[in-house]
Amino acid sequence: MDETEFWEIIDSTREAAEGDPEDQADLLVERLIRLDPEAVLDFARHFEARYHRAYRWELWGAAAVLLGGASDDAFDFFRCWLIGQGREVFEGALHDPDSLADLLDDFDEEIDGDAEELGYAADEAYEQLTGVVAPELGLPPQTAEPEGTPFGLEDEAVLAERFPALWARFGAG
């Protein structure tokens, strides 16, 4: 599976789910079980590589603004959600996290920003196809610390300064 096919699967399941992350995860499993097990592992590698790429302080700050705070787990689930938004939003957010203010048409904090289930969809599909747990993907582990320079994720003044567009649209102030 190449990168284009990976993003096509993400996009088609998001559109079919009308943006609901839980429905998207269910649809993703349904889509993946129509593939062979090796293709499912390829999808999982693409997903995990992007998940690791998104382990950045700046994205964590953007998540904190969007979610009104972001614990370790909340940021993990946010990264899954961000991948689920598709290539344009994902790459745009990696390039400039504050651009999420323009890239997101709407953001419902009740359902958006948390897509833990998307992170498990390939594993679930692989297990349904083969009856066994998916093997290690052979990718390097995630770094111990996010990329970039740490800053106060709970400091509203810092968040407002670093993410002016996001703060204006979604911030507490």
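Thr13 is found in helix 1 of this predicted model, where, at 4% relative accessibility, Thr13 counts as buried. The side chain of Thr13 reaches back to the backbone oxygen of Ile10 at 3.0 Å. The points below start from helix 1 and continue with the salt bridges, the negative surface patch and two C-alpha separations.

**Helix 1 and its polar contacts**

- Arg14 also lies in helix 1, which covers residues 3-16, and with a relative accessibility of 17% Arg14 falls under the 20% limit and therefore counts as buried.
- A polar atom of the Arg14 side chain lies 3.0 Å from the backbone oxygen of Gln85, while the side chain of Thr13 has its contact with the backbone oxygen of Ile10.

**Salt bridges**

- How many salt bridges does a search of the whole structure find? The search finds eight of them, and the pairs described here include Glu3 with Arg50, Arg45 with Glu38 and Glu58 with Arg162.
- Side chains of opposite charge can pair when their charged atoms come close.
- In the salt bridge between Glu3 and Arg50, the closest N and O atoms are 3.0 Å apart. Because Glu3 lies in helix 1 and Arg50 in helix 3, this pair ties together parts that are 47 residues apart in sequence.
- The two partners of that bridge are covered to unlike degrees: Glu3 is partly exposed, with a relative accessible area of 29%, whereas Arg50 is buried, with a relative accessible area of 7%.
- Arg45 and Glu38 meet through their side chains in a salt bridge with an N to O distance of 3.4 Å. Arg45 counts as partly exposed at 24% relative accessibility, and Glu38 counts as partly exposed at 43%.
- For the salt bridge between Glu58 and Arg162, the closest N and O atoms are 2.4 Å apart. Glu58 lies in helix 4 (residues 57-67) and Arg162 in helix 9 (residues 156-162), so the pair ties together parts that are 104 residues apart in sequence.
- Both ends of this bridge can be described by their accessibility: Glu58 counts as partly exposed at 26%, and Arg162 is partly exposed with a relative accessible area of 35%.
- Salt bridges that share partners join Glu3, Arg50 and Arg87 into one network.

**A negative patch on the surface**

- Which residues gather in a patch of negative charge on the surface? They are Glu18, Glu22, Asp23, Asp26, Glu30, Asp114, Glu117, Asp123, Glu124 and Glu127.
- Two elements, helix 2 (21-32) and helix 8 (121-130), give two or more residues to this patch, and helix 2 supplies the largest share of it, with four residues.
- Asp114, another member of the patch, has its place in the loop between helix 7 (100-103) and helix 8. With a relative accessible area of 41%, Asp114 is partly exposed, and it therefore passes the accessibility requirement of over 30% that is set for patch residues.
- Glu18, which also belongs to the patch, is found in the loop between helix 1 and helix 2, and it is exposed, with a relative accessible area of 75%.
- The backbone of Glu18 deserves a separate note, since its phi is near 55°, a positive value in a residue other than glycine. Most residues other than glycine have a negative phi.

**C-alpha separations**

- Pro37 has its place in helix 3, which covers residues 37-53, and at 29% relative accessibility Pro37 counts as partly exposed.
- What separates the C-alpha atoms of Pro37 and Tyr126, which are 89 residues apart along the chain? The separation of these two C-alpha atoms is 5.9 Å.
- Glu145, found in the loop between helix 8 and helix 9, is exposed, with a relative accessible area of 52%.
- The C-alpha atoms of Glu145 and Phe163, which are 18 residues apart along the chain, are separated by 21 Å.

Key: Residues are numbered from 1 along each chain as its sequence is written. This is a predicted model: local features need pLDDT of at least 70, side-chain atom pairs count only at pLDDT 80 or more; totals for chains, interfaces and linings use all residues. Side-chain values use heavy atoms; hydrogens and water are left out. Patches are made of residues with over 30% relative accessible area and no salt bridge: like charges are joined within 9 Å, nonpolar side chains (Val, Leu, Ile, Met, Phe, Trp, Tyr) within 5 Å. Accessible areas come from the Shrake-Rupley method with a 1.4 Å probe; for residues, only the protein chains shown count as cover. A salt bridge is a side-chain nitrogen of Lys or Arg within 4 Å of a carboxyl oxygen of Asp or Glu. Lys and Arg count as positive and Asp and Glu as negative; His and the chain ends are not counted. The place of a charge is taken as NZ of Lys, CZ of Arg, CG of Asp or CD of Glu. Buried means under 20% relative accessible area, exposed over 50%, partly exposed in between (1.4 Å probe, protein chains only). A polar contact is a pair of N or O atoms within 3.5 Å; within protein, one must be able to donate a hydrogen and the other to accept it, and residues adjacent in sequence count only if both atoms are side-chain atoms.
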